[in-house]
Amino acid sequence: NWTTINNNVRDSLYSISFAGDIGYTGGGNGTVMKSTNSGLTWVSQSKITSCTIMGLCLFNSDNVLGVGSGRKIIRTTNGGTNWLSATAGTYSNNLYSVSKLSNTTAIAVGDYGIIMKSMNTGANWTNVTSPTTTSLKSVSFSDSLNGTAVGIGGTILKTSNSGNNWSQINTADVTTNDLNCICFLNSNTGIAVGNSGTILKTTNGGINWVQKTSGTVEDLLSVSISNQVCYATIYSGYVLKSTNLGENWTTHFAQTNSMLLSVFFNDANTGWICGTGGTILKTTDGGGVFVSKISSEIPTSHRLFQNYPNPFNAISKIKYQIGKMENGKWKTENGMVTLKIFDVTGKEVMTLVNETQNAGTYEVTFEGSNLASGIYFYQLKTDNFIETKKLILLK
């Protein structure tokens, strides 16, 4: 349920952002691309640098900032027709992220605790005193006053006066893992993600943080929040999704072998991901089906359970077990698993799972609102096992 958007770029893309249907993505060798049709097609912009563009900020569809390696800052005020370099203070280190506070003000962060501020849409920048020399990887403002920056070793900084002054939050008892991205839904609620599957949540504007279970030990690189729904990208091409503001997370393979470096959602259903090799993915159904491993116990055999509820209206859950190899009978640990939906004629109508999985018990949330009422069949298949059951969709 992620569509791969073809383009002629092979440079890694590190940041993607939209304002309505207008979107920009930036990456290696100064690459910047623009879309005017909700990410269906992309046009390369004129390069003015060979530096990597690591972060993007859209004041609106015409005024856009990009920050990157070697302290590089680029900007456009006419929707990408022309791009200019900006004056970036006195530092020469990498900038990783930039966030807007208002229609004219932005904050950028980078190596060695660099914090810089612009009050004229990025034309000029001043250095802000930072309480840390640790590299900052991401910054997010929930309004014109309140912002949070995160970085190496679990570093979290907070400001409540438009980035003029920053204080460091003690996170030693929460995590010491590197934090790669931060996103706020409002002035109170925010999610930070980082290495080794780290997910932190705050409900009081970044003063206190609680670690949440992600279900993975892989590095999480980016996070986006829309309404109650959160999305995070995993280094290995998987996407995490939470429908209750980061309390619980399920996993979905995005059907790509690329590293997923940045995610952005306009609403709970429409989102984009960019990554290595010029990868751009788009979804209009919230990323599709997400698979959750619901038990740490290792089954000794395969099994497909009856979906519940059944009959159902729109949403049902399907549970299955993948057995570990035992006495030479099973050989499916780390093997390919598919779970598909068929109509009564035997025509495949949806693929819910198509990935390699470890032994364990899994649960899939099946959303059938796009299907007509009727009888369907769902089939679990591995290299040496196949089982089919019937489900009934009633609207």
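Which residue of strand 13 does Met116 stand opposite? In the predicted model examined here, Met116 stands opposite Asn127 of strand 13. This pair belongs to the contact between strand 12 (residues 115-118) and strand 13, two antiparallel strands that are joined by 2 bridges. Both strands are part of an open sheet of 4 strands, which follow one another in the order 10-11-12-13 with antiparallel pairing. Strand 10 (95-100) and strand 13 (126-127) each have a single partner strand and stand at the edges, so one side of each is left without a neighbour in the sheet. In general terms, the strands of a sheet pair through backbone hydrogen bonds, in either a parallel or an antiparallel manner.

A second antiparallel pairing is found between strand 26 (residues 260-265) and strand 27 (residues 271-275), which are joined by 5 bridges. The two strands form a hairpin, with 5 residues between them. Within this pairing, Val263 stands opposite Ile273 of strand 27. Strand 26 is mostly covered, as 5 of its 6 residues are buried.

Cys274 is located in strand 27 and is likewise buried, its relative accessible area being 0%. Although Cys274 and Ser262 are 12 residues apart along the chain, their C-alpha atoms are separated by 5.5 Å. Ser262 also appears among the contacts of Cys274 that remain when neighbours within four places in sequence are left aside. These contacts further include Met259, Leu260 and Leu261, together with Leu13, Tyr14, Ser15, Ile16 and Thr25. Thr279 and Ile280 complete the set.

The cysteines were also examined for disulfides, and a search of the whole structure finds 0 of them. For Cys51, the closest cysteine sulfur is that of Cys274, at 18 Å, and this is too far for a bond because a disulfide requires sulfur atoms within 2.5 Å. For Cys183, the closest cysteine sulfur belongs to Cys181, at 6.8 Å, which is again too far for a bond. Cys183 counts as buried, with a relative accessibility of 15%.

Empty space in the model was analysed next. Rolling a probe the size of a water molecule over the atoms shows where such space is left. The largest pocket holds about 1000 Å³ of space. Of the 36 residues that line this pocket, Ser97, Ser138, Val139, Cys181 and Ile182 are the closest to its centre. Two or more lining residues are contributed by each of strand 2 (13-19), strand 6 (53-58), strand 10, strand 14 (136-141), strand 18 (179-184), strand 22 (220-226) and strand 26. Strand 10, an edge strand of the open sheet, and strand 26, a member of the hairpin, are thus both represented in the lining of the pocket. By class, the lining of the largest pocket divides into 23 nonpolar, 11 polar and 2 charged residues.

With regard to enclosed space, a search of the whole structure finds 1 cavity of 30 Å³ or more. About 40 Å³ of space lies in the largest cavity. Its lining is made up of Gly30, Val32, Ser46, Lys47, Ile48, Ile74 and Trp83. These residues comprise 4 nonpolar, 2 polar and 1 charged by class.

Backbone geometry was considered last, beginning with peptide bonds in the cis form. One such bond joins Tyr308 and Pro309, with omega at about -10°. Another leads from Asn310 to Pro311, with omega near 0°. Pro309 is found in the loop between strand 30 (303-304) and strand 31 (315-322), and Pro311 likewise lies in the loop between strand 30 and strand 31.

Positive phi values in residues other than glycine were also noted. Ser38 has a phi near 60°, a positive value in a residue that is not glycine. Ser38 is placed in the loop between strand 4 (32-35) and strand 5 (43-44), and its relative accessible area of 12% makes it buried. Leu245, also not a glycine, has a positive phi of about 55°. Leu245 occupies a place in the loop between strand 24 (238-242) and strand 25 (250-253). With a relative accessibility of 11%, Leu245 counts as buried because this value is under 20%.

Conventions: Residues are numbered from 1 along each chain as its sequence is written. This is a predicted model: local features need pLDDT of at least 70, side-chain atom pairs count only at pLDDT 80 or more; totals for chains, interfaces and linings use all residues. Side-chain values use heavy atoms; hydrogens and water are left out. Buried means under 20% relative accessible area, exposed over 50%, partly exposed in between (1.4 Å probe, protein chains only). On a 1 Å grid over the protein atoms alone, a cavity is a set of points where a 1.4 Å probe fits but cannot get out, and a pocket is an open set with protein on both sides within 12 Å along at least five of seven lines; lining residues have an atom within 4 Å of a point. Grid points are joined across faces, edges and corners, and a volume is the space filled by probe spheres set on the points. Ala, Val, Leu, Ile, Met, Phe, Trp, Tyr, Cys and Pro count as nonpolar, Asp, Glu, Lys and Arg as charged, and the others, Gly among them, as polar. Two strands pair if DSSP finds at least two bridges between them. Contact means heavy atoms within 4.5 Å.
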